[in-house]
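I opened the notebook today to see how two chains meet. Here is what I looked up, entry by entry.

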Amino acid sequence: ITMSLSAKDKDIVKAFWAKVSGREQDIGSEAVARMLAVYPQTKTYFSHWKDLSPGSAPVRKHGGIVMAAVTDAVSKMDDLKGGLLKLSELHAFTLRVDPANFKILAHSLIVVLATVFSSDFTPEVHMAVDKFLTAVARALSEKYR
Amino acid sequence: MVEWSEKERSIINNIFSNLDYEDVGAKALIRCLIVYPWTQRYFASFGNLYNAEAISANPKVAAHGVKVLHGLDRAVKNMDNIKATYAELSVLHSEKLHVDPDNFKVHKHLLLLSFNKMISNAFSIPLQLLSDCLTIVIAGKLGSAFTPEVQAAFQKFVAVVVSALGKQYH
């Protein structure tokens with residue numbers, strides 16, 4: 001379900017993401033690690049990795065890639081559909097990740113943000129980030145069918 | 001029957017024995033009402049819920065949040081039979097939420113049953129949202145101690161509770 005990002009939501013996400021800056025690698029790899037641990041069915045997409053444990057090289061590398069892409073999406077918030085077109089095609093035609101997993105990764109990322117930022121991850125920030133990640137998922141699903 | 005490893009039992013007991021109920025219970029419900037504002041529909045009698053500030057300051061919200069969190073205590077003590085533990089609590093929720101059947105003169109009993117079933121099914125979704133918020137509040141408090149393994153055990157526990165609460169009418 002997409003609920004459009006208001007100007008206020010965008011400002012909140014941008015301001016919060018300034019805190020995230022520089023920590024993308026750690027946060028991203030923690031989010032991927034959690035997703036694999038808490039939702040083991042997601043491991044199916046990574047059967048080609050030697051090691052799926054938290055902190056492993058493939059998990060860290062992939063976490064960094066994913067989080068860099070999310071940070072990039074923050075800069076493209078005014079046109080996620082256009083900005084994420086290529087990524088949508090990648091996920092739809094090559095990776096073929098079931099879009100249901102976007103919500104799982106978003107939840108995992110939100111839990112990491114809560115553990116890292118604690119009281120700075122206020123309900124207002126939580127809501128704006130939740131809306132933003134939902135919008136990102138929507139844009140990523142665009143080319144699927 | 002849900003199987004629990006010794007590690008999972010220890011994780012759950014550890015979380016709850018070190019929990020600040022007053023703080024976490026209140027914060028979880030407050031967060032749910034702010035992040036998922038449509039859940040406010042269940043709290044029409046709670047007064048001012050107009051914005052995040054009002055919700056955060058509302059004593060009825062805080063009190064109810066603490067009450068809900070203590071509601072998990074039974075499940076912590078009865079991890080091997082959570083479903084039975086909540087049989088009566090589920091009925092309580094359903095009866096509080098149902099439409100007053102006195103408004104309907106015909107087939108009152110059948111209507112009551114179908115409304116209860118509809119509402120218990122509908123209740124599962126906001127319960128899931130609240131349990132997500134509880135997970136996030138606890139994550140915020142425990143920080144890196146809320147490891148992926150701890151998160152998995154906690155989410156499994158809460159999922160069993162939500163399922164037990166929603167399943168009573170099937």
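Entry one, the area. I am working from a predicted model, and in it chain B and chain A bury about 1,600 Å² between them. Carbon and sulfur atoms account for 63% of that area. I started here because the size of an interface is often given as the accessible area lost when the parts come together.

Entry two, the main contributors. I asked which three residues of chain B supply more of its area buried against chain A than any other three. They are Arg31(B), Ile136(B) and Pro148(B), which together supply 32% of the area that chain B buries there.

Entry three, the contacts. I found 21 residues of chain B in contact with 19 residues of chain A. Seven residue pairs between the two chains are in polar contact, with both residues at pLDDT 80 or more. For salt bridges between chain B and chain A, my count came to zero.

Entry four, the elements. On the side of chain B that touches chain A, I noted the elements giving two or more residues: H2 (21-35), H3 (52-57), H8 (108-142) and H9 (148-166), each a helix of chain B. H8(B) gives the largest share, six residues. Sorted by class, this side of chain B has 11 nonpolar, seven polar and three charged residues.

Entry five, the record. I turned to chain A and checked UniProt, where an unreviewed entry lists "domain: Globin" for residues 4-145. Over residues 4-145 of chain A, I read 70% helix and 0% strand. The end C-alpha atoms of that stretch are 22 Å apart.

Notes: Residues numbered from 1 in each chain as written. Chains lettered and ligands numbered in written order. Predicted model: local features only at pLDDT ≥ 70, side-chain atom pairs only at ≥ 80, totals over all residues. Heavy atoms only, no water. Contact = heavy atoms within 4.5 Å. Buried area = accessible area lost by both parts, 1.4 Å probe. Salt bridge = Lys/Arg side-chain N within 4 Å of Asp/Glu carboxyl O. Polar contact = N/O pair within 3.5 Å; in protein donor to acceptor, adjacent residues only side chain to side chain. Nonpolar A, V, L, I, M, F, W, Y, C, P; charged D, E, K, R; others polar. UniProt positions renumbered as here; feature names shortened; annotations may be inferred.
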